[in-house]
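Please find below a colleague's note, set out as numbered points. It is to be read alongside the sequence and the structure.

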Amino acid sequence: MPTRIVTGTVDNFFVDGGSEITYLGNTSFESSTSFNYRAFRVNPAGTGDLLVKLVKSSGVDSLEVFQEDSYTAGTAPSGYFRFFNVAKAGKEKGAVGVTVTDATKDYVVLLELATDSGTNYVCEVDVP
């Protein structure tokens, strides 16, 4: 199970290696002009727990993970949730996870970011 380090800002995205993670880009919703969303796809090689740990951030409001073709499919492993409200927790850290039972499915990690120029994040992604 490789662990990839993902770093980003409002304008940049970087993965430290491998081909399991691809950037899906950014979007903002008309009803919420003060927030932007960044997403990346994780393509697991096998079954097991897909864990995303936000180890350092500034300006990240929430973090979630879901199966790309079915938002409600899958369960979180013991000790994890599929959605974490980083802003409410107030520690600029958090973690989400989902148990991969079908390695042919891709998963999406979605981060809700403030639009401040100082927004940044570092995630450890454990890919099964």
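1. Strand 1 (residues 3-9) pairs with strand 10 (residues 120-126) in the antiparallel sense, over 7 bridges. Within this pairing, Thr9 stands opposite Asn120 of strand 10. It should be kept in mind throughout that the model is a predicted one.

2. Strand 1 is also joined to strand 2, again in an antiparallel arrangement, by 3 bridges. Here Thr7 is the residue opposite Phe14 of strand 2. The two strands form a hairpin, with 3 residues between them.

3. The side chains of strand 1 alternate between two faces. Arg4, Val6 and Gly8 point to one face and are buried, whereas Thr3, Ile5, Thr7 and Thr9 point to the other face and are not buried. In a regular strand, such alternation between the two faces of the sheet is the general pattern.

4. A search of the whole structure for aromatic pairs finds 3. One of them is formed by Phe13 and Tyr23, with 4.5 Å centre to centre and 20° between the planes. This pair counts as stacked because its planes are under 30 degrees apart. It links distant parts of the chain: Phe13 belongs to strand 2 (residues 13-15) and Tyr23 to strand 3 (residues 21-29), 10 residues apart. Tyr23 has a relative accessible area of 36%, so it is classed as partly exposed. Ring pairs also bring Phe40 into a cluster with Phe13 and Tyr23.

5. Phe66 and Tyr71 form another aromatic pair, with 4.9 Å centre to centre. Their planes stand at 55° to each other, and the pair is described as tilted. Phe66 is buried, its relative accessible area being 13%. On the face of Tyr71 lies Arg82, at 5.9 Å from the ring centre.

6. Is Gln67, in strand 6 (residues 60-67), buried or exposed? With a relative accessibility of 11%, Gln67 counts as buried, because the cut-off for that class is under 20%. The side chain of Gln67 nevertheless has a polar partner: it makes a polar contact with the side chain of Asp69, at 2.6 Å. When residues up to four places away in sequence are not counted, Gln67 touches Ala73, Lys105, Asp106 and Tyr107.

Notes:
Residues numbered from 1 in each chain as written. Predicted model: local features only at pLDDT ≥ 70, side-chain atom pairs only at ≥ 80, totals over all residues. Heavy atoms only, no water. Phe/Tyr/Trp six-rings, centres within 6.5 Å; stacked < 30°, edge-to-face > 60°. Helix = DSSP H or I, 4+ residues; strand = E, 2+ residues; numbered from the N terminus. Buried < 20%, exposed > 50% of the residue type's maximum accessible area, 1.4 Å probe, protein only. Lys NZ or Arg CZ within 6 Å of the ring centre and 35° of its normal. Polar contact = N/O pair within 3.5 Å; in protein donor to acceptor, adjacent residues only side chain to side chain. Contact = heavy atoms within 4.5 Å. Pairing = 2+ DSSP bridges.
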